[in-house]
Amino acid sequence: MDFESWSTWSGPEVAAFVTAFCGLPEYSTALAQNLTGRSLQQLTVRGMLQKGLARAGVGDAEHQRRIVKAVMLLDQLSPEELAAEMQANMAKHSIRPLK
């Protein structure tokens, strides 16, 4: 997964990130259809990410918080740190490695 250019991710790439990083595969279809890296970035800048997630189909407030935290880490951690964090989260949530 290319963490350096996350703002250019397609909808399916956003969905794969949320599935792997947050352990929330139940939103895969909704996120793939409704969000891109660019929209995540724009919603974050405007302080509207949680509301955008709700409109995209993530209804659970705790799940929204987990995704918001993960998106914030995209700007705070290095690609190497993000990869390590994602591997740890995938193991924690018993998610298979991404192709």
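**Figure 1. Helix α5 and its span.** Helix α5 comprises 16 residues and extends 23 Å from its first C-alpha to its last, close to the 22 Å expected at 1.5 Å a residue (1.5 Å times one less than the number of residues; helices are DSSP runs of H or I of at least four residues, numbered from the N terminus). The model is predicted, with local features requiring pLDDT of at least 70 and side-chain atom pairs pLDDT 80 or more, whereas totals for chains, interfaces and linings use all residues. Residues are numbered from 1 along each chain as its sequence is written, and side-chain values use heavy atoms, without hydrogens and water. At the N-terminal end of α5, D60 acts as a cap, a side-chain oxygen lying 3.0 Å from the backbone nitrogen of E62.

**Figure 2. Residue Q64 in helix α5.** Q64 counts as buried because its relative accessibility is 8% (buried: under 20% relative accessible area; exposed: over 50%; 1.4 Å probe, protein chains only). Its side chain makes a polar contact (N or O atoms within 3.5 Å, one able to donate a hydrogen and the other to accept it) with the side chain of Q50, at 3.3 Å. The cover over the buried residues of α5 includes α1, α3, α4 and α6 (79-92), with contact meaning heavy atoms within 4.5 Å.

**Figure 3. The two sides of helix α3 (residues 37-45).** G37, S39, L40 and L43 are buried in α3. These residues lie on the same side of α3 because they cover an arc of only 165° around the axis, taken from the directions from the helix axis to the C-beta atoms. R38 and V45, on the other side, are exposed. The buried residues of α3 pack against α1 (11-22), α4 (49-56) and α5 (61-76).
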